[in-house]
Amino acid sequence: MGGKQDGDEASGKPAKYDPTFRGPIRNRSCTDIICCVLFLVFILGYIVVGIVAWVYGDPRQVLYPRNSTGAYCGVGANEDKPYLLYFNIFSCILATNVIVVAENGLQCPTSQVCVSSCPQDAWTVEAKQLFQKVGEVFYMADRNFCLPGVPWDMPVTQSLQQELCPGFLLPSTPALGRCLPLANSTPPELPGIPSNTSISHGISGVLDSLSARDITVKIFEDVAQSWHWILVALGVALVLSLLFILLLRLVAGPLVLVLILGVLGVLAYGIYHCWEEYRVLRDKGASINQLGITTNLGAYRNVQETWLAALIVLAVLEGILLLLLIFLRQRICIAIALLKEASKAVGQMMSTLFYPLVTFVLLLICIVYWAMTALYLATSGQPQYVLWVANASLPGCEKVQMNTSCDPMAQPVNSSCPGLRCVFQSYSSTGLVQRSLFNLQIYGVLGLFWTINWVLALGQCVLAGAFASFYWAFHKPRDIPTFPLSSAFIRTLRYHTGSLAFGALILTLVQIAQVILEYIDSKLRGAQNPVARCIMCCFKCCLWCLEKFIKFLNRNAYIMIAIYGKNFCVSAKNAFMLLMRNIVRVVVLDKVTDLLLLFGKLLVVGGVGVLSFFFFTGRIQGLGRDFENPSLNYYWLPIMISILGAYVIASGFFSVFGMCVDTLFLCFLEDLERNDGSLDRPYYMPKSLLKILGRKNEAFPGDKKKKKK
């Protein structure tokens, strides 16, 4: 007896009977108030960071290119000129590499002008045109590529010396808002451009984006052609997911039996195959003594000992599985009964199946807010302008101090230095926001993880409250609340925001530690230090296990919070102790549920994938003109979108079902400890579970007669 008492004390004391308990309690108070206040203050600070980023940030510098004066192309006065043209693209190539140019916002030491369209043909200023007027060579020939304000009567020679007009044009294609020459373009023979310079040599990395742009256009075309059929495929996935959950009430037992027999059959076939391979190799005399030790692992397939070892392993697994089925048959029956009851609960509260849409919207808000805040923070800073001239060796430019600050609104007028202008250089990084940019970005990342985990916790707690109200309704469906989901949502937000924030914060800290380890690991990979890699792998493995355990503990803690309204620590402790007192049932139910939901996901995703493949490849004939498959560039694109969407839909539906199973299971364990089946303490579980357990209830849930007082 002493050992049993010690075991009970180690796993906590069973729940005691409470005559006033009728499911999720209504008279509850706020929990984890300190963490609630901390979370609200953090959210307020997160909003302030967003406001600061919005005030000081300018995402247009990422979305739109700038010309030499710092004006955006495609915005404001340049609204009809969305592309940026470099007068001498080779100055970018010769000055530095393309990576540095990209880091500097693709700014090059050459004049840049916004144009309405990129040049289509190659052209170079001829010798006879040098003494003509700008209007004759450029404007009349529809070459509107000079800087704004260049006079009509200015000599072409002067405009080229001051780099007010381009000396040559190359066939270009717009990419990233910039006119970049085609890879097969031939560079002109001009001073300052070596004969061995090629377009692809200097900007090959940038030009690779041209083909990516073509692919992007084709992808958009395919989506535009097939979006309505993709919606049909997603509708099929939704119907299949819904039918699978609702039919579990009828086929949960046979389906689990088929899955178990399937696993046994696969192991049995593996044993048979290994025996056949072993017998053939044994007759040939192929032994490991003849092969010896080798690093060629494929050679071990041709020795009898390999197949003998595989046969023994599979036979042991088959035997263990058969023994588990024999000794755990009652618990497997309990798991099947709970799956049926979960399907019944979902059928009674169909609105719970669509709650993942609420979670999806909230998650989308969190991600979009973080992305916009990070973008605005990254683009914060005031633009800086400096004096610049195309040719500093011209007479009169020696005394001008280049790269000094200037005002772009008051372009410098210096007759001694022709072509002197005030051009955009970069964005300042010396302001208060810029000095705190790293800390603000870290704050944003922490806010992203914390808010996402809080939204997921909110969904779990709300669903747990709704399904718990179903289980603890003595007369079903009469005693089920009218609006169980909305009631649980309001109750959770009002009383347990702090508890959800507490659990989400613990998980967030672990995930942040994982991100830091991944960053450190990426920095240490180049060192090729086996000891460091081994230590890092151990740390990552430990954090991964810790994350899985915290998610499991939080999930069950939220269920207890939804039912009893206690704080996070007490709920987590009670849930953990309750599960430890029923550890075998927990393992069996978890594995049976995982196997069943995996089969359901494969069924939904596989069915939608097969139907999409046959339809978009035109292999389904006789559907009529209205149901013909669209003509596509990449037929696999709508298929992949349909499969991904089907997986997301199935995961959303089955996550609700999984939460329902876990909630009913904890309620079932509490029911066993609280009640004994008497008139005063009747069980709330259905008759199927009572029959499996061999117990009786003097007042069955669902009976028309009322319970005697």
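Along helix α12, the residues Tyr355, Thr359, Leu363, Cys366, Thr373, Ala374, Tyr376 and Leu377 are buried. An α-helix has 3.6 residues a turn, so residues three or four places apart point the same way. Helix α12 covers residues 355–378, and because each residue should add 1.5 Å, its 24 residues should span 34 Å, which agrees with the 35 Å found between its end C-alpha atoms.

All of this is read from a predicted model, and it helps to know how confident the prediction is before going further. The protein averages a pLDDT of 76, with 74% of the residues scoring at least 70. Among the elements of the protein, the highest mean pLDDT, 91, belongs to helix α2 (residues 33–56), whereas the lowest, 37, belongs to helix α5 (residues 98–103). Over residues 94–106 the pLDDT stays under 50, and the model has 14 contacts beyond four places in sequence for this stretch. Over residues 191–213 the pLDDT likewise stays under 50, although here the model has 37 contacts beyond four places in sequence. Where pLDDT is low, the predicted coordinates should not be read in detail.

Seen as a whole, the protein has 21 helices and 8 strands. Of its 709 residues, 43% are buried. Among contacts between residues at least 6 apart in sequence, 72% join residues that are at least 24 apart. The protein exposes about 38,100 Å², of which carbon and sulfur atoms supply 64%.

Part of the surface forms a nonpolar patch of about 700 Å², made by Leu238, Val239, Leu243, Leu247, Leu250, Val251, Phe354 and Leu357. The largest share of this patch, 6 residues, comes from helix α8, which covers residues 199–284. Leucine 250, one of the patch residues, has its place in helix α8, and leucine 250 counts as exposed because its relative accessible area is 63%, where the cut-off for exposed is over 50%. Leu357, also in the patch, brings the reader back to helix α12, since that helix covers residues 355–378.

A further helix can be checked by its length in the way used for α12. Helix α17 covers residues 530–564, and because each of its 35 residues should add 1.5 Å, with one less than that number counted, the helix should span 51 Å, which agrees with the 50 Å between its end C-alpha atoms. Helix α17 is followed by glycine 565, whose phi is positive, near 70°.

Methods. Residues numbered from 1 in each chain as written. Predicted model: local features only at pLDDT ≥ 70, side-chain atom pairs only at ≥ 80, totals over all residues. Heavy atoms only, no water. pLDDT = per-residue confidence, 0-100. Helix = DSSP H or I, 4+ residues; strand = E, 2+ residues; numbered from the N terminus. Contact = heavy atoms within 4.5 Å. Buried < 20%, exposed > 50% of the residue type's maximum accessible area, 1.4 Å probe, protein only. Areas by Shrake-Rupley, 256 points an atom, 1.4 Å probe, with all protein chains shown as cover. Patch = residues over 30% accessible without salt bridge, like charges linked within 9 Å, V, L, I, M, F, W, Y side chains within 5 Å. Salt bridge = Lys/Arg side-chain N within 4 Å of Asp/Glu carboxyl O.
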